[in-house]
Amino acid sequence: MSASPLLPVDPPPPLPARLPAAPDELALRLGYAGLLPFGFGALLSMVVRADVQPYVLLSLAVYAGIIVSFLGGIHWALAMLVLAVPHRRLWTGVTLSLLAWVSVVMPPASGLVIQAVLLIACYLIDRRVYPAAGLSKWLTLRFRLTAVAALSCFLAAAQA
């Protein structure tokens, strides 16, 4: 291996024209609905009794880990849509999933911080990948989702 699996990311060729270049109404609704566990988990981490808080933090950490793995899986999906796949794209997806898995089994004070950083890293990687794939219009949604999800993880970690 010559370079880090996360950076730099080789830009992919444009996606076929049949794929949506921008999120439709369903994608927007589902994306924003996906923030509910983040917001609810962060809020609960601040108001529940001390004996219940570890379960709240664990549930948020598991959800955040699943989302980071999902974001890594997008790189595999994009790779499957083109013939010439940069190996870094596949390594990025696998690395994100492995880091998410490790962060889930860590104590929440550190695991949630790592997950917030991973969510931000996913967005920064996607800022380079999406435009080259013709998906620039998804970045506004990605930024909003990343900002709320990462902030929720940071806030919950502060309660741990």
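Trainee: Where is Val94 found?
Mentor: Val94 sits in helix H4. Helices here are DSSP runs of H or I with at least four residues (strands are runs of E with at least two), numbered from the N terminus. Before we go on, this is a predicted model, with local features needing pLDDT of at least 70 and side-chain atom pairs counting only at pLDDT 80 or more, while totals for chains, interfaces and linings use all residues. Residues are numbered from 1 along each chain as its sequence is written, and side-chain values use heavy atoms, with hydrogens and water left out.

Trainee: Is Val94 buried, exposed or partly exposed?
Mentor: Buried means under 20% relative accessible area, exposed means over 50%, and partly exposed lies in between (1.4 Å probe, protein chains only). Val94 has 31%, so this residue is partly exposed.

Trainee: Which residues form the nonpolar patch on the surface?
Mentor: A patch takes residues with over 30% relative accessible area and no salt bridge, joining like charges within 9 Å and nonpolar side chains (Val, Leu, Ile, Met, Phe, Trp, Tyr) within 5 Å. A salt bridge is a Lys or Arg side-chain nitrogen within 4 Å of an Asp or Glu carboxyl oxygen. Here Val94 is joined by Trp76, Trp91, Leu98, Trp101, Val102 and Val105, with about 710 Å² of accessible area together (Shrake-Rupley method, 1.4 Å probe, only the protein chains shown as cover). Helix H4 (residues 87-104) gives the largest share, five residues.

Trainee: What about Ser103?
Mentor: Ser103 is also found in helix H4, but it is buried, with a relative accessible area of 1%. For its partners, look for polar contacts: N or O atoms within 3.5 Å, where within protein one can donate a hydrogen and the other accept it, and residues adjacent in sequence count only if both atoms are side-chain atoms. A polar atom of the Ser103 side chain lies 2.7 Å from the backbone oxygen of Ala100. The side chains of Ser103 and Gln115 are joined by a polar contact of 3.0 Å.

Trainee: How many aromatic pairs are there?
Mentor: Rings of Phe, Tyr and Trp (its six-membered ring) pair if their centres lie within 6.5 Å; planes under 30 degrees apart are stacked, over 60 edge-to-face, the rest tilted. The count is two aromatic pairs. One of them, Phe38 with Tyr63, is edge-to-face, at 5.0 Å centre to centre and 65° between the planes. This pair links distant parts of the chain, with Phe38 in helix H2 (residues 36-47) and Tyr63 in helix H3 (residues 53-80), 25 residues apart. Phe38 is buried at 2% relative accessibility, whereas Tyr63 is partly exposed at 22%.
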